[in-house]
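Please look through the following complex with an eye both to its local detail and to the confidence that can be placed in each part.

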Amino acid sequence: MAERGAGDRGGFGRGFGRGRGDRGRGDRGRGGRRGGRRDEEEKWVPVTKLGRLVKEGKITSLEQIYLHSLPVKEHQIVDTLLGGRLKDEVMKIMPVQKQTRAGQRTRFKAFVVVGDSDGHVGLGVKCAKEVATAIRGAIILAKLSVVPVRRGFWGNKIGKPHTVPCKVTGKCGSVTVRLVPAPRGAGIVAARVPKKVLQFAGIEDVYTSSRGSTKTLGNFVKATFDCLMKTYGFLTPDLWLETRFSKSPFQEYTDLLAKPTKTILIENTERIEA
Amino acid sequence: MDSDTNDVLPLQELSLDEAITEVELEESYEEDEEDELEEYVTLGTIEKPKHPKFLLRHLFPSKTGGTPAWLDPVELPTGKFSRCDFCEEPLQFLLQIYAPIPEKESTFHRMLYVFICPSMSCLLQDQHEQWKRREEDPRRSIKVFRCQLPRLNAFYSSEPPRKDGNDKPLSVGAALCSWCGTWKGEKVCSGCKQARYCCEKHQAMHWKSGHKNRCHHIIHNLESISSSLPGEKLSRDKVACSSLWPEYEIAIEDECAYDAEASEDASYEASSLVTQHVTDDTYQFLLDKFEADDNKRSWASFQERISKCPSQVLRYSRDLMANPLWPLSIGRPTMTNIPKCKYCNGSLCYEFQIMPQILYYLGVKNDSDSLDWGTIVIYTCLASCEASARYKEEFIWVQLYPTTPIS
């Protein structure tokens, strides 16, 4: 077998070859660049078309993505669009165990809720061998799952929307959570767990009612989240007007940004309610 | 929503058969970890070249964008090979890598070139064609060529280049098209007899964009474009076409060098998604919400792997055991989809793959007809055979992202 030493090729470059010397021995190669891991984290190279559009700045708000139901595959997209307003909180770290031949294998399951207290909330669950990894992974998953939350009024349409627009209910496992609109000043009338989620969503007043084994935090949180997802799925009379569809950002982003008219109906409703 | 679909209750006493299935899963999961550690992958990252002249062909560069540095400068691919089979336009140069195989003499110098038609509609049609068997002569809009030379050859000296600015190849190559600078310029401008073109379309574009005025001057003043002999221009003048992608060098790094920083935890989303012992209606309902779980799993592993080095544009691993890193689970080829070598009928093996990050660096626009892919995987002849054609065509597989539901 030919020796893979430098003498074989003389000064010719190696190019992309097999096995440059030892395998995986932490060959530093071009040193210096990997000094700060921070550096790499800041420099996000988008992998999807949507990511490239967001990085360029052609898409300025999450609503444009929601309008066309585009799947968000990179969490940096949400980071760029929501920026510093997004806060996260670890709801619970749960150790889960699994029986193996050599005893029990413990991993940690992290539940993380992210939100900007202004109509966007996300929930992430991740299981990993270390707590820090689980939390990090859960935050990324939470950012990927950010959904818009529709808010409405209890009675008079004065000021900004502060409560859910109607009674909605969500279910996960045996837990059902029901959200009922409340007048201003009522506050979030809920247990500690869904109260956190609702605070992150930006709902100020709401009555809740729950049923089932709410002790299982995972199901409880998911049920509340499911409930919030449904707020935009509910057809109310002000949405009876037929939507005029607009072009997706992949077709022509300039069109979307330029036209200030009523073509985008959801944004219009928010304007009325606001 | 990417969250888990079931809860695992802590310290639960598992029933016997559940324990058995879990143990089985555990075992296969561990094996996956082993495989990952053994794979030896070289990454390519984009770098601005120190000087454009370092990307000339006698320095055997690995580069992307701009014009190709042809290894064999005389017998370039022509005709059907240089054009997209759907729109008949000449293909545009995407990248080339220098990948010699030190074990064989005939592959002392070995270059792989990838050309792609810049139109997305051609790439979508190409998707259907790549599934066809070779006998049906599929039409492609993306092509890869391999060229190899022994150490002693007619074009370059057997001594390594000194890289001091004075290196030159042994002979002058064929003249290239004045518009794209990529393909052989076989047709000559009838006016000035200096400008050469690979096809009529390029001649028309060059004429419109300025040659109309200069053609006249060239005939009369003979203020020609540098050389008087018909041949290749070695200086890196800008070619007339402005839509070529920006030129970069591809730097070579080992993936394992990044491993030390990456977290050692290799648990996939897969494990939590796969263990199933809750089978009531709500589980099914949640499962229906997350369509294509397989896809999500592949995507999660893909993201994890590339996060070690987010700026990678190329992954190289010429090994029989190596598997490419697929972003999605749909659209993957099986053994039957990969044909045999066109020239020696031997089997093909995976060599390298192009990542979508390269689109960001090349500044590809994001309109509806601009290029976008999940990954492009190249399979080459295992024996790296010699054949009469200097530029041998290899097999290329494109995995696209599924199109969005409303568009």
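**A helix at the contact between chains**

Leaving aside neighbours within four places in sequence, Arg52(A) is in contact with Pro46(A) and Val47(A) of its own chain, and with Pro356(B), Leu359(B), Tyr360(B), Asn366(B), Leu371(B) and Asp372(B) of chain B. The model in which these contacts appear is a predicted one, and the predictor gives the complex an ipTM of 0.75 and a pTM of 0.77.

Arg52(A) belongs to helix H3 of chain A, and because its relative accessibility is 2%, below the 20% limit, it counts as buried. What holds for this residue holds for much of its helix: six of the eight residues of H3(A), which spans residues 49-56, are buried, so the helix is largely enclosed by the rest of the structure. The buried residues are Lys49(A), Leu50(A), Gly51(A), Arg52(A), Leu53(A) and Val54(A). Just after H3(A), Gly57(A) takes a positive phi of about 100°.

Seen as a whole, chain A has 10 helices and eight strands, and of its 274 residues 46% are buried. Among the contacts in chain A between residues at least 6 apart in sequence, 58% join residues at least 24 apart. The accessible surface of this chain comes to about 14000 Å², and carbon and sulfur atoms account for 52% of that area.

Farther along chain A, an unreviewed UniProt entry carries the annotation "domain: S5 DRBM" for residues 86-149. Over residues 86-149 the chain is 22% helix and 59% strand, and the C-alpha atoms at the two ends are 14 Å apart. Strand E1(A), residues 87-100, holds Val90(A), which together with Ile93(A) and Val131(A) makes a nonpolar surface patch of about 170 Å². Val90(A) has a relative accessible area of 32% and is therefore classed as partly exposed, whereas Arg52(A) in H3(A) is buried.

Chain B calls for a more guarded reading in places. Its pLDDT averages 76, and 77% of its residues score at least 70. Over residues 1-36 of chain B, however, pLDDT stays under 50, and for this stretch the model has 61 contacts beyond four places in sequence. Residues 225-229 of chain B also stay under 50, and here the model has four contacts beyond four places in sequence. Where pLDDT is low, the predicted coordinates should not be read in detail.

Notes:
Residues numbered from 1 in each chain as written. Chains lettered and ligands numbered in written order. Predicted model: local features only at pLDDT ≥ 70, side-chain atom pairs only at ≥ 80, totals over all residues. Heavy atoms only, no water. UniProt positions renumbered as here; feature names shortened; annotations may be inferred. Helix = DSSP H or I, 4+ residues; strand = E, 2+ residues; numbered from the N terminus. Patch = residues over 30% accessible without salt bridge, like charges linked within 9 Å, V, L, I, M, F, W, Y side chains within 5 Å. Areas by Shrake-Rupley, 256 points an atom, 1.4 Å probe, with all protein chains shown as cover. Salt bridge = Lys/Arg side-chain N within 4 Å of Asp/Glu carboxyl O. Buried < 20%, exposed > 50% of the residue type's maximum accessible area, 1.4 Å probe, protein only. pLDDT = per-residue confidence, 0-100. Contact = heavy atoms within 4.5 Å.
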